[in-house]
Structure formats: structure tokens, C-alpha cells
Amino acid sequence: MASTKVTKVLCIGAGYVGGPTCAVIALKCPHITVTIVDLNQARIDAWNSPDFKLPIYEPGLEDVVRACRGRNLFFSTDVEKGIQEAELIFVSVNTPTKKSGVGAGFAADLNYVELATRQIAAVATSSKIVVEKSTVPCRTAESMRTILEANSKPNCRFDILSNPEFLAEGTAIADLFNPDRVLIGSLQTPEGKAACSALADIYGNWVPKKQILTVGLWSSELSKLAANAMLAQRISSVNALSAICEATGANIDEVSHAVGYDSRVGPKFLKASVGFGGSCFQKDILNLVYLSESLHLPEVAAYWRQVVEMNEYQKRRFSKRVVDTLFNTITGKRIAVLGFAFKADTGDTRESAAITLIRDFQSERAFVNVYDPQVVEEQIWLDLSEASPASPLENIKKQVKICKSALEACKDAEAVVIATEWKEFKEINWSEVYKHMKKPAFVFDGRLLVDAQKLTDIGFKVTTIGRPALG
Ligand code: UDX
Ligand code: UDX
């Protein structure tokens, strides 16, 4: 079967993955009409807003949307019309960890993927290529295929592809423009291979052919989980070493540098931190743990589970170090937390370490001032409420204040905790901050961000992850 040229693409799910990915496809493929649909009207309205106040913060995204919106890129809530018109459909809805039922706390909740699949089957009157973009457990493509085939109309053929997204938030546009690789999984039948080459042709508009990898469906699904698990494992390994550094006087930055200099290891993803966050790492590893257990491989499950446990330990260890350093109590003390997003250059807070730290400080009955340059106030309240389900929001608001600047957050505080590596925290006028803090003034750098010696010279007592305390 010859590969068909796709001219109409639909994306279901206008989130952090679907939005940027399909906007870049529209930019790079002017001959393709790309429609992004979402059930959430407010989200679609934001994508369509006249002043380009987009629902997600991602450097470079606005320029891409400005160049294509209304030309060959459209945002809508009309899912049915979108399905009918499209030749190729990306399913990019969220797949959070299940909160209840079988596999709660580990397995992915595939409800949204299934709903989207059923809707495609119910509405489609012509053949489609359906692409799973959301990160899903292995074999989801198989379930999607069964649902589509059982519900399709005569003369409608569905080919399923797996095409996991490897972009990282904060660098999504650069990652999409210049991906290390594009991975496409398909059935190894003539029809499966034809669908695969139709999708490969889309990426071929800007990605060199040798970087477009085509594999079987299962390998593709597993590779996404494996890639995230390996990346997260590097961070947990470094964070485990950071604890040894603090206890011995070694410096984790020096250790990472020395280890990463070995070209077999490589320098990236070796930065010690207060713990990894984001929508993927924890979810995907728990998924891998669940898969391993389902396959009766308990040792494999335990191995991967430890990566997540080390991350929890790292967060716990950091809050404890704050309490210990502040003379073993923070009750009634004011602590400024700089950064709430799970990493810099995003407004996303999913699984952010800052949430755990603030919850720990709250339970020690400290007062917390929070500042983040991108995260909106309602999101912070939502996350803190979810983290402490037993406390009503009015009570949380008595302990936590959201501030408009780093300087405001640090005023009258006894300690500053850097939770996210925003560049602006490096450039704060630290002498000014020092003047307005209680003394002794403490800084806890959970991101290896600031110049500890410079801050010590100003008068701060500085504690950095992976180093003995200074000052
Ligand atoms: C999601 C998954 O979380 C991740 O596992 C996967 O790798 C890629 O897709 P993300 O785009 O970051 O990541 O999620 P989110 O920002 O929550 O976007 C999902 C969107 O889908 C939301 O806007 C939601 O409203 C929409 N949605 C969800 C639908 O349109 N229909 C549904 O049935 C469910
Ligand atoms: C990740 C993967 O990188 C991406 O390929 C996949 O598609 C989705 O999951 P993302 O979660 O957006 O992307 O961000 P990433 O840059 O990987 O950071 C994840 C977390 O690890 C952040 O909290 C970050 O601060 C932390 N991190 C990263 C470290 O603590 N140290 C490091 O060296 C790198």
C-alpha cells in the first residue's frame, strides 16, 4: 500500500504536549491544516485570545501561534467536526496516575484516551490514522485498535500508530524544531507501515530522515517509559550522591562534573536538586513498576520504584535540613519560598517539589511567603489544598502568602528557600534582600543556583544541596 499524503490533521487535547507539537507541525507544514480541539472551553478561548494570552507558558510558542493561527492552525471545541474532517488524529489527552480502583497510585488512568477513541469510532465516516501521543502503558494501542474496529462503520479503516513526544517543558519549541529523534511505532503489516510512512512524511518536512526511527508498536510505547525512567534514574542517582556529599564535605557539582566528563556517561541530567517534578517522570516510572508487577517481575518493579522513593527522600531530607539548620524549629518563623513551578521556564506545577516543601513547612507551623514568576495564584491554592486535604483553604491562607516579587517574599523572613531554578533568582539584589531579613539570615539553595560564596560574603548563612553549609 502506497503512503497517502496527509493534508488534514486533528489533535485531541490542547495541553502542554498537544498544543506545542501540533502548532509546530502547522508552522513547518503550511500545506497541512491542523486543528486542535479540547473539551475545556476556557483553554480553547485562551488559545484563540486576540492578544495571544495562551493557556501555557512556553518560550517561543507565541511566535509560532502568531505565524499560523487562522492560516492553517485552528483551535476549537468542536471535536466531532474535527474528527470527521481529519485524515490523521493525534490523541494527546492527559493520562494521570489512577487515584482509585485497580492499580491506584501506579497505573495510568486511560479513561480519557478511551473516551477519545470511542468518540473517533462513533463519529468517523471515513478511514483515519489514529496516533497515540499521550504517554500510555504498553499495549494501549492494541486496546485502541480493538475499540475502533468493534465500533467502526463499513468502509472505515483505522490504523494505529504510537508516536510518543520527547519534548521537555520550557524548551518545547526548541525540542520540536530540532528533536534528537522522532519515534513512530506501527504494526509491521503493509497497512501499518504505510500509515507509519504517512506520519514520517509529516515530520520529514523539517526533521532529517535518519532521525525518524520506526519500530513496532510495543517498542515505541515501552521506549517512552524507558527514556523517562532512565532520565529520572540519573537524577535520583545524583541526588543519592548529594546526601553523601553533604555528610563528607565533597561537592556534588564537582562530582557530577567529573563523572559526566566521561563520554560514556555524558554531562547532561546530572544536576542535583531538591527532587524532580513534572507530569511525566513519576507517573511513567510508576507505570513501569505496575507493568513489571503485572508481568510477575517483582525485582524489576522494586528496582524502578526505588527511583521514585529516592526522590521522595530527597524532598524530605531537604525540608529536614531547613528545620535542623534553623535551630531545630521553624514554628512561627517566616520562610520565603522562591519558585513554585517544577522547573524554570514553565508555569506548570505538576508534582513540583515546592508543593511538598511548603506542605512540610506548614505542618511545622511556619509561615510561608511564595513567589513564582509564572505560576498563577489560583494554581498555587489548588496545589496546596490538594497536598493537605485535611486543611480547609482558609486555614492554609492563614499560613501561606503569595507575593508579587522575590523581594516582597523575602521581606522579614528568617530564611529563603530556592525551589525552582528561575534565572531571575540568580540576579536578585541579594544585598537588598539581606537588609530586609531577620538575622541570622539563611539561604537554602535547592537548585545549585546562586553563588554561595558571594552570599556568604554579604552575611547570609548558606546551605546548598550536595555541599556542607557555609557561613
Ligand atoms: C498529556 C499527558 O499527561 C502525558 O502523559 C502525555 O505524555 C501527553 O499528554 P499534557 O499535554 O501535558 O500531557 O496534558 P494536559 O496539559 O493536561 O493536556 C491534556 C488536555 O486534554 C487538556 O487540555 C484536557 O482538557 C484535554 N482533554 C482531556 C480533552 O480534550 N478530552 C478529554 O477527554 C480529556
Ligand atoms: C521530561 C523529559 O525530559 C521529556 O523528554 C519527556 O517528554 C517529558 O518528561 P519535563 O518533565 O518537561 O520533560 O522536564 P525535564 O527537563 O525532564 O525535568 C524534569 C524534572 O527533573 C524537573 O523537575 C527538573 O528540575 C529536574 N531535573 C532535571 C533535575 O533535578 N536535574 C537535572 O539534571 C535535570
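What is the volume of the largest cavity? It is about 50 Å³, in a model that is predicted. The legends below cover the cavities and then the two ligand sites.

**View 1. The largest cavity and its lining.** The structure holds two cavities of 30 Å³ or more, and the largest has a volume of about 50 Å³. Its lining includes the run Glu132, Lys133, Ser134, Thr135 and Val136. Ser162, Asn163 and Pro164 also line this cavity, together with Glu221 and Lys224. By class, the lining residues are two nonpolar, four polar and four charged. Among these lining residues, Thr135 is also one of the residues that come nearest to ligand 1.

**View 2. The second largest cavity and helix α12.** About 40 Å³ of space lies in this cavity. Glu246, Gln314, Arg317, Phe318, Arg321 and Ile465 line the second largest cavity. Helix α12, residues 298-325, gives the most to this lining, with four residues. The lining divides into two nonpolar, one polar and three charged residues.

**View 3. The surroundings of ligand 1.** Ligand 1 has 18 residues around it, of which Asp38, Arg43, Thr135, Lys283 and Arg350 come nearest. The shell consists of six nonpolar, eight polar and four charged residues.

**View 4. Polar atoms of the protein beside ligand 1.** In the side chain of Asp38, an N or O atom is 2.5 Å from an oxygen atom of ligand 1. Backbone atoms take part as well: a polar backbone atom of Tyr16 is 3.1 Å from an oxygen atom of the ligand, and for a polar backbone atom of Leu39 the distance to a ligand oxygen is 3.1 Å. On its own, ligand 1 has 690 Å² of accessible area, and the protein covers 90% of it.

**View 5. The surroundings of ligand 2.** Ligand 2 is surrounded by 20 residues, and the closest are Phe166, Glu169, Ser273, Lys343 and Arg447. Helix α9, residues 217-248, provides the largest share of the shell, four residues. By class, the shell has 11 nonpolar, three polar and six charged residues.

**View 6. Polar atoms of the protein beside ligand 2.** Two of the closest residues, Ser273 and Lys343, appear here with their side chains. An N or O atom in the Ser273 side chain is 2.7 Å from an oxygen atom of ligand 2, and the Lys343 side chain has an N or O atom 2.7 Å from a ligand oxygen. From Leu167, a backbone N or O atom lies 2.9 Å from an oxygen atom of ligand 2. The protein covers 91% of the 660 Å² of accessible area that ligand 2 has on its own.

Terms used. Residues numbered from 1 in each chain as written. Chains lettered and ligands numbered in written order. Predicted model: local features only at pLDDT ≥ 70, side-chain atom pairs only at ≥ 80, totals over all residues. Heavy atoms only, no water. 1 Å grid on protein atoms, 1.4 Å probe; cavity = no way out; pocket = protein on both sides within 12 Å on 5 of 7 lines; lining within 4 Å. Points joined across faces, edges and corners; volume = space filled by probe spheres on them. Nonpolar A, V, L, I, M, F, W, Y, C, P; charged D, E, K, R; others polar. Helix = DSSP H or I, 4+ residues; strand = E, 2+ residues; numbered from the N terminus. Near = heavy atom within 4 Å. Polar contact = N/O pair within 3.5 Å; in protein donor to acceptor, adjacent residues only side chain to side chain. Areas by Shrake-Rupley, 256 points an atom, 1.4 Å probe, with all protein chains shown as cover.
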